[in-house]
Amino acid sequence: RFDRLVFVGPCGSREDQAAVLAALTRRFDLHPAVDLRAVAAALPPLVTGADLYAVCADALAGATRAAVDALAGHDGDGEPPCLEARVDQGHLLRAARGLRPSVSPEDL
């Protein structure tokens, strides 16, 4: 039980945001060319940790959809493709650009 309200502000610099993205994606199968600093640069100016989590979850969902689509498109000849949800730069950038931040400057 919490007896106090604790305020944790938005994630400050782009470097801090990239570091949080790295922590959140540490168990993802990331494509080696992923540049988390570029993903952070594509984010809106004010983002919270929850927003960054949402970006990562959306990117992983996009990678999973792509893997399932590849498996569904297999014609049955030869080895089926491996169901591998590898998150690439495109998945992360689409998620970052589609993010609607949970806080606004007025909220702070």
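How many salt bridges does the count come to in this chain? The count comes to one salt bridge. Bear in mind as you look around that this is a predicted model.

**The salt bridge**

The partners are Arg 86 and Asp 29, whose side chains meet at 3.3 Å, N to O. Arg 86 sits in the loop between H3 and H4, while Asp 29 sits in the loop between helix H1 (14–24) and helix H2 (36–41), so this pair ties together parts that lie 57 residues apart in sequence. How accessible are the two ends? Arg 86 has a relative accessible area of 36%, so Arg 86 is partly exposed. Asp 29, at 29% relative accessibility, counts as partly exposed.

**The overall layout**

Step back to the chain and you'll find four helices and zero strands. Going along the sequence, the pattern reads α-α-α-α. The protein chain has 108 residues, and buried residues make up 27% of them.

**How the helices pack**

Start with H1 and H3. Their axes are 10 Å apart and the two helices pack at an angle of about 50 degrees. That angle falls outside the range for roughly parallel, which ends under 35 degrees, and outside the 65 to 115 range for roughly perpendicular, so H1 and H3 are oblique to each other. As for the hand, H1 passes H3 in a right-handed crossing.

Now follow H3 over to helix H4 (residues 89–97). Here the axes come within 8 Å and cross at roughly 130 degrees. That makes H3 oblique to H4. The crossing of H3 past H4 is right-handed.

**A nonpolar patch on the surface**

Which residues make the nonpolar surface patch? Val 68, Leu 71 and Leu 83 do, and the patch has an area of about 250 Å². Val 68 belongs to helix H3 (residues 49–72). At 41% relative accessibility, Val 68 counts as partly exposed. Patch residues need over 30% relative accessible area, and the 41% of Val 68 is the value to hold against that cut-off.

**Residues that meet across the sequence**

Some pairs are separated along the chain but come together in space. Here are three of them, with C-alpha to C-alpha distances.

| Pair | Separation in sequence | C-alpha distance |
|---|---|---|
| Arg 97 and Val 55 | 42 residues | 9.0 Å |
| Phe 28 and Cys 56 | 28 residues | 9.2 Å |
| Ala 42 and Arg 14 | 28 residues | 9.5 Å |

Take the Arg 97 row to begin with. Arg 97 lies in helix H4, and its relative accessibility of 61% makes Arg 97 count as exposed. Its partner in the table is Val 55, with the C-alpha atoms separated by 9.0 Å.

Phe 28 is placed in the loop between H1 and H2, which is also the loop that holds Asp 29 of the salt bridge. Is Phe 28 exposed or only partly exposed? Its relative accessible area is 22%, so Phe 28 is partly exposed. Buried would require under 20%.

Ala 42 is found in the loop between H2 and H3. With 23% relative accessibility, Ala 42 counts as partly exposed. Ala 42 pairs up with Arg 14, and 28 residues of chain separate the two.

Technical notes: Residues are numbered from 1 along each chain as its sequence is written. This is a predicted model: local features need pLDDT of at least 70, side-chain atom pairs count only at pLDDT 80 or more; totals for chains, interfaces and linings use all residues. Side-chain values use heavy atoms; hydrogens and water are left out. Patches are made of residues with over 30% relative accessible area and no salt bridge: like charges are joined within 9 Å, nonpolar side chains (Val, Leu, Ile, Met, Phe, Trp, Tyr) within 5 Å. Accessible areas come from the Shrake-Rupley method with a 1.4 Å probe; for residues, only the protein chains shown count as cover. A salt bridge is a side-chain nitrogen of Lys or Arg within 4 Å of a carboxyl oxygen of Asp or Glu. Buried means under 20% relative accessible area, exposed over 50%, partly exposed in between (1.4 Å probe, protein chains only). Axes are lines fitted to C-alpha atoms, for helices over the stretch in contact, and angles run from 0 to 180 degrees between N-to-C directions. Angles under 35 degrees count as roughly parallel, over 145 as roughly antiparallel, 65 to 115 as roughly perpendicular and the rest as oblique. A crossing is left-handed if the near helix is turned anticlockwise from the far one by less than a right angle, and right-handed if clockwise.
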